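Subject: Handing over the two-chain model

Dear colleague,

Please find the structure below, followed by an account of what was found in it. I would be glad if you could read the account with the coordinates open beside you.

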Amino acid sequence: MSKTYDILIIGGGHNGLTAAIVLAKKNKRVLVLEKRPVVGGLAAGEEFHPGYFTNGLLHDTSEVNLQVLRKLQLENFGLKWQSAAPTVALLSKQGECVKLSHDAEQTATEIARFSAKDAQAYREYISFLASIRPFIANLLTDFPPDLTAFGRRQLWTLLKKSLALRLLGKKKMLELLKVTPMCVADFLNEKFETGFIKAGIAAPALYGSFTGPWSSYTTLNLLMHECRSASNIVGGPQALINALTKAAENAGVEIRTNNAVQEILLDENHSVNGVRLSTDEVIQAPIVAASCTPQTTFFNLIQPAQLNYTLEHAVQHYRSRGTTAKLHLALNKPVAFNGVGGLEFYRTGNSFDEMERAFDPVKYGAFSEEPVLDIHVPTVSNTGLAPSGHSVLSVLIHFAPINLKGGWNEDSKKRLYDITIKTLEHYSPGISASIAGAELLTPADLEQRYGLTYGHIYHGEHAVDQLITRPFPACANYTTPFKGLYLCGSGSFPGGGITCMPGYLGAQTILKHC
Amino acid sequence: MKWKIWAGYYAVCSYETLHDAEYYAFRNSAGLLDVSPLFKYRVTGPDAAAFLSRIMVRNIEKLAVGRVAYCCWCDDHGKVIDDGTVMRRGEQEFFVTAADPAFSWFSRFLRGYRVELTDISDQVAGLALQGPTSRDILKQVCDADLDALKYFATCKTRVDNFEIYISRTGYTGDLGYELWVDNAHALKLWDAVMDAGRNYDIRPAGLDALDVTRVEAGLILKDVDYYNALHALIDDRKSSPYEISLGWTVDLDRGPFNGQAALKAEKQQGSKWAIVGLDINWPQLEELYYKRGLPPVLSLQAWRSSIPVYASKDKRKQVGYATSGTWSPILKKNIALATVQKQYDKIGTELQFEVTVEHVRHTVSAIVSKTQFYNPEHKTFTPKPSRS
């Protein structure tokens with residue numbers, strides 16, 4: 001009780017931990033308060049069936065920012081990574097498969113089996129990405145440009161960013177300006193002809209965004225994914241959490257699990273005083289950094305009357321309709337899709353029309369009859385997650401809405417489970433017979449277990465209006481209208497997924513102010 | 001008979017060609033005015049007081065059961081949206097009146113409060129019985145202890161076989177009551193009060209008479225003396241409570257409420273504007289007319305247009321504008337309510353008020369005075385004040 005802290009961090013997910021380390025390294029006394037019994041949030045592995053583990057609810061570590069890992073010196077805490085995204089297999093319904101690897105030429109050769117035109121288009125696509133990557137990656141790893149301030153520094157930053165855009169060259173710049181607002185289907189249709197390849201490339205553009213391939217601005221989501229997808233953490237998200245936890249402890253961060261924050265305490269001048277836990281324990285600190293969702297921060301942890309209407313309105317209209325469900329399967333044998341085994345990542349989709357049809361129902365409170373699956377087989381590289389010779393399947397199911405008509409119950413869960421297994425069975429015949437255990441998490445379950453508002457895996461939809469001023473203008477740049485209250489979770493720029501960026505930039509903002 | 005539209009209802013301006021008899025009823029006997037077009041809300045539940053305290057600039061949690069608070073409510077920037085009365089009918093039951101529809105605004109703040117907010121505008125009728133004989137009339141129709149009912153108090157009583165709420169409130173600055181009744185009984189209530197008032201010179205009164213009395217009483221009117229901040233097209237049209245003479249209703253040092261931060265800052269830094277009363281010089285006005293060979297002409301009706309107010313005769317420096325005014329028959333004065341720059345709001349300050357005589361603009365002197373031009377003792381007098 002007598003201990004005092006400079007900064008309290010709400011939520012011990014990967015962003016909360018990242019922020020904690022950055023701050024502790026600057027000699028701040030930091031306490032991380034995690035509601036769950038384990039740290040890691042969506043990056044934490046779980047035993048979902050006796051003897052079978054996932055290594056993270058989210059399984060893609062390709063967007064983790066390597067510069068941040070190096071700055072935090074996580075290699076000293078046992079973290080290993082590759083500086084290239086892992087290979088992903090795109091599956092067609094006709095039993096075909098194309099492996100997208102970081103080796104563009106090898107991938108082009110793979111694609112050439114289906115279309116020589118697509119192979120050439122892929123080379124051009126990769127070359128376009130390479131040319132815009134420095135610009136986009138810089139945008140996403142730096143503070144969001146502040147378009148409102150007219151200080152010398154802000155203008156200089158704007159100028160630099162505009163210059164970087166112009167330095168792409170006239171052709172590339174105009175191309176980028178043209179394609180960004182496009183729907184990903186139009187964008188890729190201009191280049192490719194093979195349906196399942198296009199769909200597979202496009203898939204990440206739709207994750208957590210409440211869009212289908214025909215929705216505008218999905219190309220922006222795709223380019224953002226492609227430009228930062230350049231890493232692969234050995235051991236997956238849980239390995240990242242292990243290293244972050246060690247680094248945090250080493251930096252002097254105190255971490256308390258099973259400590260749910262009940263209220264952020266504010267004084268009469270709307271300045272942070274500390275927090276009150278669900279046990280009624282009060283912990284004082286002048287700064288609180290919230291890595292939970294913006295809605296949790298403002299609606300669950302702050303007294304309603306403390307919010308002015310403008311903020312209330314902004315929080316209320318921040319879009320975070322969960323559309324993703326999660327399936328964990330314990331399998332008693334190795335697994336292959338369309339005959340291809342030994343890979344960690346697979347994507348289904350088959351065609352834009354089928355993806356769009358998978359998306360359509362969520363608008364009306366129903367889930368896809370044939371969902372788009374983002375499949376991860378963590379046991380390929382991490383055999384310890386299951387008994388020897390067995391495997392674990394981690395499947396993100398797109399799309400299943402939080403507001404399912406009739407509600408989520410055993411019945412509707414069973415239907416979603418059956419549909420998902422049926423879809424998996426199409427690509428991996430006989431898979432159902434090898435299921436030793438299963439766990440299906442609907443958006444409602446995700447909300448319940450992880451405190452994700454409306455079960456949104458990214459703490460809010462990825463959309464162009466929720467990007468630069470994420471989550472909303474009043475709280476862009478990690479600050480809030482409350483003195484001493486900061487945001488450092490996926491609800492802040494540059495958004496959700498495992499990147500470490502909101503935590504890192506949030507912490508930098510706090511350091512600027514104290 | 002003259003009519004106008006008030007909040008979607010046809011409302012009477014005057015029952016006869018001129019409203020003067022109705023005005024004198026308000027001031028000398030009693031006038032009965034239909035105020036049903038007001039917007040009315042019921043707020044109930046364990047958090048009702050906390051909920052209203054968050055919305056209103058006044059601390060409603062401190063309002064005792066049976067009391068009424070006149071107050072206004074602000075946006076986030078401390079600019080006034082509307083003003084009205086909040087009546088505490090029970091520990092967990094409130095009745096709120098508003099000039100503009102307020103349900104949408106109030107309902108924005110429901111999250112987190114155990115309250116039920118109901119728009120009862122169309123279910124409840126309102127009758128304003130105003131004037132020196134109003135207490136005696138009301139005594140004839142109900143057995144509420146009116147001699148003990150204080151200014152800005154409210155109580156429930158029965159008339160014949162139905163219930164009404166009485167609040168000792170009004171918009172005339174006189175002794176008066178407002179009666180709130182379910183629509184079903186509204187006509188019966190009207191008849192009962194009119195019958196009882198026959199011996200007390202009661203008259204049905206319209207809005208023209210009310211307008212004269214409310215200017216005399218210094219009571220401001222939304223969309224005339226200030227604008228609803230939510231409807232203002234430009235920021236300059238928005239006003240804080242301090243700027244429209246409602247600073248006294250603001251209770252700053254308490255839990256958070258809408259506009260608190262901005263109002264605290266304004267309280268510290270000072271306001272830009274103030275609403276003042278203007279006592280317009282009559283001889284000077286007369287003189288201007290005489291010079292053109294005309295008798296002085298004044299409308300009997302209260303006016304509500306923007307009239308420039310200057311610091312000096314040469315009209316070089318406009319320091320404000322009058323928003324409504326009237327010839328006050330009871331005070332024999334030409335009076336107005338004006339918004340002036342804060343440094344000109346001291347009582348006794350001489351300003352220049354623009355008048356147009358025969359198409360030519362002049363100014364006459366106007367002395368800054370209290371907004372409450374007419375404030376009779378009987379307005380607040382309680383015959384049996386010992387009982388609460």
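Helices and strands are DSSP runs numbered from the N terminus, where a helix is an H or I run of at least four residues and a strand an E run of at least two. In that numbering, B:Lys332 lies in the loop between β16 and β17 of chain B. Please keep in mind throughout that this is a predicted model.

I begin with this loop residue, together with a similar case in chain A. Most residues other than glycine have a negative phi, and most peptide bonds are trans. B:Lys332 is not a glycine, yet its phi is positive, near 55°; the residue counts as exposed, with 8 C-beta neighbours inside 10 Å. A:Tyr217, also a residue other than glycine, has a positive phi of about 70°, and is placed in the loop between α8 and α9 of chain A. Is A:Tyr217 buried or exposed? With 20 other C-beta atoms within 10 Å, A:Tyr217 is buried, 20 being the number from which a residue is called buried.

Two cis peptide bonds in chain A also deserve a look. One runs from A:Arg470 to A:Pro471, with omega near -5°, and A:Pro471 belongs to the loop between α15 (443-450) and β21 (485-487) of chain A. Another joins A:Phe493 and A:Pro494 with omega at about 0°, where A:Pro494 sits in the loop between β21 and α16 (501-513) of chain A.

Next come the helices of chain A. Helix α9 (residues 218-228) of chain A has eleven of its eleven residues buried, so it is largely enclosed by the rest of the structure; among these buried residues are A:Asn221, A:His225, A:Glu226 and A:Arg228, as well as A:Leu220, A:Leu222 and A:Leu223. The cover over the buried residues of α9(A) includes α4 (116-141), α6 (170-179), α7 (184-189) and α8 (195-202) of chain A.

Two packed helices are described by the angle between their axes and the distance between the axes. For helix α1 (residues 14-25) and helix α10 (residues 236-250), both of chain A, the axes come within 9 Å and cross at roughly 30°, which makes α1(A) roughly parallel to α10(A), and the crossing is left-handed. On the α1(A) side the residues that meet α10(A) include A:Leu17, A:Ile21 and A:Ala24, and those they meet in α10(A) include A:Leu240, A:Leu244 and A:Ala248. Sorted by class, this contact of α1(A) with α10(A) holds nine nonpolar, three polar and no charged residues.

Still in chain A, strand β6 (residues 88-91) is covered on both faces, with A:Val88 and A:Leu90 buried on one side and A:Ala89 and A:Leu91 buried on the other. This strand, β6(A), is joined by four bridges to the antiparallel strand β7 (residues 97-100) of chain A, and it pairs in the parallel sense over three bridges with strand β17 (residues 345-347) of chain A. A:Val88 has a residue opposite it in each of these partners, namely A:Leu100 in β7(A) and A:Phe345 in β17(A). The hairpin of β6(A) and β7(A) has five residues between its strands, and within that hairpin A:Gly95 takes a positive phi near 90°.

Turning to the sheets of chain B, an open sheet of five strands follows the order β5-β6-β7-β4-β8 with antiparallel pairing. Its edges are β5 (68-74) and β8 (116-119) of chain B, each with a single partner strand, so one side of each is left without a neighbour in the sheet. On average, neighbouring strands of this sheet are turned by 25° against each other, direction ignored.

Chain B also has a closed barrel of six strands, running β14-β17-β16-β15-β18-β19 with antiparallel pairing, in which neighbouring strands are turned by 40° against each other on average, direction ignored. Within the barrel, strand β15 (residues 307-310) and strand β18 (residues 350-357) of chain B are antiparallel and joined by two bridges, and B:Val309 stands opposite B:Phe353 in β18(B).

With best regards

Methods. Residues numbered from 1 in each chain as written. Chains lettered and ligands numbered in written order. Predicted model: local features only at pLDDT ≥ 70, side-chain atom pairs only at ≥ 80, totals over all residues. Axes fitted to C-alpha atoms, helices over the stretch in contact; angles between N-to-C directions. Parallel < 35°, antiparallel > 145°, perpendicular 65-115°, else oblique. Left-handed = near helix turned anticlockwise from the far one by under 90°. Contact = placed C-beta atoms within 7 Å. Nonpolar A, V, L, I, M, F, W, Y, C, P; charged D, E, K, R; others polar. Buried ≥ 20, exposed ≤ 12 C-beta atoms within 10 Å, placed from the backbone. Pairing = 2+ DSSP bridges.
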